[in-house]
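User: I am new to this structure and would like a close look at the part around the ligand. Please go on from there to other places in the chain that deserve a reading.

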Amino acid sequence: MAAQAQTDTATDYDVFIIGGGINGCGIARDAQGRGYRVAVAEMKDLGSGTSSWSTKLIHGGLRYLEHYEFRLVREALKERETLWAMAPHIIWPMRFVLPYHKDMRPAWLIRLGLFLYDYIGGRKKLPATKTLDLNVDLAGKSLDPKFDKAFEYSDCWVNDARLVLLNAQDAAKLGADVMVRTKVVAAERIGDRWSVTVQDVNSGATRTVSANMIVNAAGPWVDEVLATSMGRNTKNVLMVQGSHIVVAQKFEHDRAYFFQNGDGRIFFGIPYEENLTLIGTTDQDYDGDPSDVCISDAEIDYLCEGASAYFREPVKREDIVWTYSGVRPLYDDGASKAQEATRDYVLKRDDADGAALVNIFGGKITTYRKLAESMLEEIEDILGKRGARWTEGATLPGGDFPTDGFEAKVAELRSKYAFLDDELARRLVRLYGMAAFALMGDATDQADMGHHFGSDLYEREVRYQMDHEWSQTAEDVLWRRTKRGLRLSADQAKALDDWMSDALKAAA
Ligand code: FAD
């Protein structure tokens with residue numbers, strides 16, 4: 001279809017956000033909630049950039065202590081319990097087992113790091129560090145018997161893709177315009193305002209809106225947006241690739257492992273999606289298109305060898321059921337090595353030539369809410385204050401139940417919908433929290449779940465996602481809103497994609 005330009009005079013925004021990753025959606029929610037008129041444009045699916053390819057930890061980052069990043073670690077540690085309470089369906093505590101390795105960091109250094117970890121971050125509910133005897137603890141059973149001692153500490157796990165989605169949902173509920181598959185193709189300063197041209201990626205149609213200021217939250221694409229939409233060729237982002245492998249379950253407990261490698265790096269072995277183990281990540285410089293990033297042979301070897309040095313049974317290439325890779329958009333602070341670049345976020349304001357632009361570099365999923373608060377300080381400075389801080393303690397959609405209330409919600413869902421089996425009820429509460437009840441709606445028996453797409457995925461859930469979660473393709477459903485992609489065959493995924501495409505056409 002030929003692109004058609006049109007000016008949409010109705011859409012005058014205070015803040016126009018480029019990028020529907022965790023930072024863009026977190027800022028949209030906070031800003032709209034304080035009374036600004038906000039739009040967020042995402043060129044693909046929400047969370048389809050770096051934000052769904054993380055290690056999925058809400059963590060202080062034990063390793064960053066070695067780089068003296070105390071501000072970041074302290075802020076991140078504090079966020080663990082704040083975020084857990086905001087979304088207990090998609091965030092929960094996890095214990096990490098760090099086997100003591102005599103050829104790596106000395107025990108006194110690990111103890112010191114964990115002592116700081118326990119005490120600088122205002123920990124209230126998460127249990128403290130302890131020492132384990134791996135000869136008797138279940139955590140030792142799956143490890144090489146040469147490891148007989150370990151340290152165990154707390155962090156949290158997050159469903160990263162859904163955290164993005166919940167922020168977008170809440171922003172939209174508050175009145176923000178959330179535009180998916182909408183690419184910003186040009187942005188021009190006209191006096192003290194921005195004229196922003198966006199393109200509907202599905203149809204090719206373009207339209208122009210205006211805004212008082214722009215937030216560039218395009219993650220690894222920040223420099224590309226500056227170059228292609230605003231004609232600025234600068235290099236601010238250090239792109240660092242990180243990859244993960246997923247293998248059949250390596251251990252039978254719900255704790256994760258923190259492993260040290262001979263090169264000074266660390267990586268994790270984490271229980272994943274019922275009966276799998278997630279292993280990662282790597283750290284290597286990247287200079288391609290962030291959309292094309294994929295795991296290299298060298299990274300596969302690195303992770304297999306690293307994990308095999310710890311597990312009793314080696315991790316082999318043929319054990320791998322899935323891999324994924326993402327690009328960290330770190331601030332280029334001149335550090336020579338990928339793993340030494342700061343993980344802290346940097347906000348850079350540019351308003352010398354008129355209307356303000358604020359670019360975001362770096363950051364962590366863990367600190368997205370604090371990053372949004374820092375961005376709101378910039379927004380208030382530029383546009384004037386409209387409302388107070390409000391997101392700490394404000395639950396995300398579906399998260400309005402107690403942090404220890406998961407089992408009770410599963411039981412409640414099963415008692416209301418007796419035909420649901422335990423596994424599916426758990427999956428629904430994990431993904432949707434209280435919204436699982438809205439998803440199930442007036443269903444009274446199995447037939448009301450509708451068409452079966454494979455595994456435990458039914459039409460009712462897919463339709464809910466299409467109506468309430470911006471899902472448009474099988475990939476959105478199978479690899480971001482859920483991870484059912486691990487359970488459906490390629491033919492089943494194709495059939496789902498066809499079905500969704502027909503359903504979208506029918507609704508148009
Ligand atoms: P993104 O998620 O990349 O979002 C930017 C969005 O902008 C993209 O969706 C993109 O499609 C969109 N976009 C780009 N150009 C345009 C345009 N022209 N128009 C419209 N939209 C556009 N953090 C943690 O806290 N815990 C972890 O365990 C963790 N592990 C990690 C592991 C790896 C391997 C990696 C790579 C990162 C990890 N991180 C972790 C860091 C975290 O994932 C990132 O800092 C965070 O996701 C960055 O979010 P973002 O919103 O800035 O970028």
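Analyst: What follows starts with the ligand and then moves to backbone features, a buried helix and some single residues.

This is a predicted model, in which local features need pLDDT of at least 70 and side-chain atom pairs count only at pLDDT 80 or more, while totals for chains, interfaces and linings use all residues. Residues are numbered from 1 along each chain as its sequence is written, and side-chain values use heavy atoms, with hydrogens and water left out.

There are 37 residues around the ligand, and Glu42, Ser51, Leu57, Gly363 and Thr366 come nearest; a residue is near a molecule if one of its heavy atoms lies within 4 Å of it. Helix 1 (22-33), strand 8 (182-190), strand 11 (237-248) and strand 16 (320-331) each give at least two residues to this shell. Helices (H or I, at least four residues) and strands (E, at least two) are DSSP runs numbered from the N terminus.

Several N or O atoms of the protein lie within polar-contact distance of the ligand, a polar contact being a pair of N or O atoms within 3.5 Å; within protein, one must be able to donate a hydrogen and the other to accept it, and residues adjacent in sequence count only if both atoms are side-chain atoms. The side chain of Thr366 has an N or O atom 2.7 Å from an oxygen atom of the ligand. For Lys364, a side-chain N or O atom is 3.4 Å from a nitrogen atom of the ligand. Gly49 takes part through its backbone, with an N or O atom 3.5 Å from a ligand oxygen atom. Taken alone the ligand exposes 1000 Å², and the protein buries 98% of that (accessible areas come from the Shrake-Rupley method with a 1.4 Å probe; for residues, only the protein chains shown count as cover).

Next come some backbone angles. Most residues other than glycine have a negative phi, and most peptide bonds are trans. Lys56 has a positive phi near 70 degrees and sits in the loop between strand 2 (38-41) and strand 3 (57-58). With a relative accessible area of 3%, Lys56 is buried; buried means under 20%, exposed over 50%, and partly exposed in between (1.4 Å probe, protein chains only). Arg181 also has a positive phi, of about 50 degrees, and belongs to the loop between strand 7 (177-179) and strand 8. Its relative accessible area is 11%, so Arg181 is buried. The peptide bond from Gly280 to Thr281 is cis, with omega near 20 degrees, and Thr281 lies in the loop between strand 14 (276-280) and strand 15 (284-285).

Helix 11 (residues 459-468) is largely enclosed by the rest of the structure because seven of its ten residues are buried. Among the buried ones are Val462, Tyr464 and Met466. Partners in the packing of these buried residues include helix 9 (422-432), helix 12 (474-481) and helix 13 (490-507). Just after helix 11, Trp470 takes a positive phi of about 65 degrees.

Ser154 is in strand 6 (residues 149-158) and counts as buried, because its relative accessibility is 3%. Its side chain makes a polar contact of 2.7 Å with the side chain of Arg95. The backbone oxygen of Pro127 is also 2.7 Å from a polar atom of the Ser154 side chain.

Thr228, in helix 5 (residues 222-230), is exposed, with a relative accessible area of 56%.

How values were computed. Contact means heavy atoms within 4.5 Å.
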